[in-house]
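Hello,

Here is the structure I promised to pass on. Please have a look at it first, and then read on for what I found in it.

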Amino acid sequence: MSNSDQRITAPYGSWKSPITAEAVSGATKRLGGTAVDSHGHLIWLESRPTESGREVLVKEPEKPGEEPIDIIPRQFSVRSLVHEYGGAAFKIIGDTVVFSNYQDQRLYVQSITTTSTRNIKDSFPVPITPCYGDPVVVSYADGVFDQRFNRYVAVREDRRENSMSPAATIVAVSLSAEDVKEPEVLISGNDFYAFPRIDPKGERVAWIEWSHPNMPWDRSQLWRMAKCFIQSSRQVYKRICVAGSDPNIVESPTEPKWSPEGELFFITDRTNGFWNIYKWIESENKAEAAYSLNAEFTRPSWVFGFNSYEFIQNHSEKYMIACSYRQNGRSNLGILDEAQKSMTLLDIPFTDIDNITVGDNCLYVEGASVFYPPSVAKITLDNQFKVVDFNIVWSSSPDSLKYESYFSLPEVIEFPTEVPGQNAYAYFYPPSNPSYQASQEEKPPLVLESHGGPTCEARGALNLSIQYWTSRGWAFVDVNYGGSCGYGREFRERLLGRWGIVDVNDCCSCAKFLVDRGRVDAERICITGESAGGYTALAALAFRKTFKAGASLYGIADLAMLSAEMHKFESKYIDNLVGTQKDCYERSPINFVDNFSCPIILFQGLEDKVVSPSQARKIYHALKSKGLPVALVVYEGEQHGFRKGENIKVTLEQRMVFFARLVGNFTVADDIVPLKIDNFD
């Protein structure tokens, strides 16, 4: 008997699946970075949906078989609010950690030493920055230790004088907890700073800066300053712009890093439009490519602290560069011999790689694949930099492999856009369930995801929230529309001045591509998106007739309102993506409510400081007045992106039930009480 004969024939979307919303919400732990202490132990930052999204520093077990150790006490959460999105909220040196505490945004120092008589829990964090009262007005991120003068050098965002346009500086914070002082400003004068990095001798500092109206991936500058760390000196010594000052070269340098020999490396996209690794030749005051490839060796700096490459040494003391790059929708890990201009790829299971941390004779790599959820792998190398062991040491969802037989494997698709000769990309996931099949006459309903950003990228790694849909009989497609990252500057800049046009057209073209090839049912196509992706979803529903229902998670309905209320980091982003006030009006879904013709469900956090909750309320009331089926779900205590497990669960369930009731023409197998839909129930 064939497998198909053993399967139950049932309509797409009605299939039973063990991948429940509880399983998905429990698998949404996020990784906030990794580090290694003086004993070679791995330390990581993880967010926990079961603790309302609290972010916890965790140390790997001292001995195999033991449990990981929480470093910080329960009343602390490690998270920075610089630029609202934060990142790089902690740093380890030896057996000491400095971290940003979410509640008050102060920096704290804590010992993480363990001995036979002393436990980590015996150590308590001590503040090293002043308390400015409530509300929180000062935040720190992306710090490094300056051992020469026993201080911590970090990016500071200061809202004391202007909350809408806080001052950005690079400051030095004394590590002496006995006498908390106002941090000393080292570098100031520009709109934004990132990546302060000190050379091995403590004599030079490099950093990235940029100014309005640019985002860091549009244009930025890499600066280097010598002898700026002479204690108590207020003098600025010989600042040199290493990259980004030539008006004839469009580039966005990022991730500066000093080699063990004191050479300055960085990543920029100056030559081929792709972010490649460069080295600054100080004697000639020029930069040369360490290795040229039409591939992205980093990604847009939405958060602080990316670490896309690291220096490693073998027993010959010759250093190499461990790095990752992204090409054709796949990540690769390699060892770059800068002297020989050669790259050796490492054979590992990950196809999606983020950050790299150097351990003792190993690499800790943050990555994922179609079978691995976001994880950290310990990769052991031999003297020739060959992989001898690959071991998962942290996973966002340790139990995910028990659902492997239900996994839908993504198909990379390239489809034509409305612009002749231009294509865009997507990951298509067909329905997959070992116990069910649909009739041959039926085509599956489709959920199309428009990613956020919009300068971000959909990636084809294991995501249980996608498998939640496909294991129930839905098809799912994750679109990389024009403007997405991962395909070079030219592709990324397709969206400049055309947000709400290119992204909408490409999502519609992708849906049409799948319909024309008989993969999905044209009458049951739904669109969903978060943040900027929510805007694309609403715009597609307002200005096109491709989709039959939609969902917006903290999405944008009014571009003018967004521009007026936007925090500093993105306050000019819309100017580049959209243009004039007239363009904002003409591309804002709220101004064209009469164009909407299908059901919409909205989800919104009430503490969102990026997209105001008033956006969701405004479009909800307008659609309700028009008489369309609409529902609004709001969450107390949630910000931009849902962190609480119970809210992640409700959002996934109610979105699925909403689509099923309004366009699916089937009954879901799950026992879910549907919420009330205005103008329908």
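Between which two strands does the loop with F371 lie? F371 is in the loop between β27 (362-368) and β28 (375-381). Strands and helices here are DSSP runs, E with at least two residues for strands and H or I with at least four for helices, numbered from the N terminus.

Before going further, some housekeeping. This is a predicted model, in which local features need pLDDT of at least 70 and side-chain atom pairs count only at pLDDT 80 or more, while totals for chains, interfaces and linings use all residues. Residues are numbered from 1 along each chain as its sequence is written, and side-chain values use heavy atoms, with hydrogens and water left out.

**The sheet around F371**

F371 counts as partly exposed because its relative accessibility is 31%; the classes are buried under 20% relative accessible area, exposed over 50% and partly exposed in between, with a 1.4 Å probe and protein chains only. Together with L401 and L409, F371 makes up a nonpolar patch on the surface, and the three have about 240 Å² of accessible area together. Areas come from the Shrake-Rupley method with a 1.4 Å probe, and for residues only the protein chains shown count as cover. Patches are built from residues with over 30% relative accessible area and no salt bridge, joining like charges within 9 Å and nonpolar side chains (Val, Leu, Ile, Met, Phe, Trp, Tyr) within 5 Å.

The strands on either side of that loop belong to an open, antiparallel sheet of four strands, ordered β26-β27-β28-β29. Strands are taken to pair if DSSP finds at least two bridges between them. At the edges stand β26 (352-359) and β29 (387-395); each has a single partner strand, so one side of each is left without a neighbour in the sheet. On average, neighbouring strands of this sheet are turned by 25° against each other, direction ignored; the axes are lines fitted to C-alpha atoms, for helices over the stretch in contact, and angles run from 0 to 180 degrees between N-to-C directions.

β28 and β29 run antiparallel and are joined by seven bridges, and T380 stands opposite D389 in β29. K378 is also worth a click: this residue is in strand β28 and counts as partly exposed because its relative accessibility is 30%. Leaving aside residues up to four places away in sequence, K378 touches C362, L363, Y364, D389, F390, N391 and V393, where contact means heavy atoms within 4.5 Å.

**A second four-stranded sheet and its salt bridges**

Another open sheet has the order β2-β3-β4-β5, again with antiparallel pairing. Its edges are β2 (30-36) and β5 (69-70), each with a single partner strand, so one side of each has no neighbour in the sheet. Two bridges join β4 (residues 54-59) to β5, and K59 has I69 in β5 as its bridge partner.

How many salt bridges does a search of the whole structure find? The search finds 51, a salt bridge being a side-chain nitrogen of Lys or Arg within 4 Å of a carboxyl oxygen of Asp or Glu. One of them pairs D70 with R48, with the closest N and O atoms 2.8 Å apart. This pair links distant parts of the chain, D70 in β5 and R48 in β3 (residues 42-48), 22 residues apart. D70 is partly exposed at 25% relative accessibility, whereas R48 is buried at 12%. Both sit in a salt-bridge network with K29, E46, E51, R54 and R74.

Two further pairs reach across longer stretches of sequence:

- R643 and E55 meet at 2.8 Å, N to O. R643 lies in the loop between β38 (630-635) and α11 (645-664) and E55 in β4, so the pair ties together parts 588 residues apart in sequence. E55 is buried, at 10% relative accessibility.
- R489 and D269 have their closest N and O atoms 2.9 Å apart. R489 lies in helix α4 (residues 489-492) and D269 in the loop between β19 (264-268) and β20 (276-281), so the pair ties together parts 220 residues apart in sequence. R489 is buried at 8%, and D269 is buried at 2%.

**Strand β12**

Finally, β12 (residues 167-174) is mostly covered, with six of its eight residues buried. β12 pairs in the antiparallel sense with β11 (residues 151-158) over eight bridges and with β13 (residues 184-187) over three. A172 has a place in both pairings: V153 stands opposite A172, and E184 in β13 is the bridge partner of A172.

Best wishes
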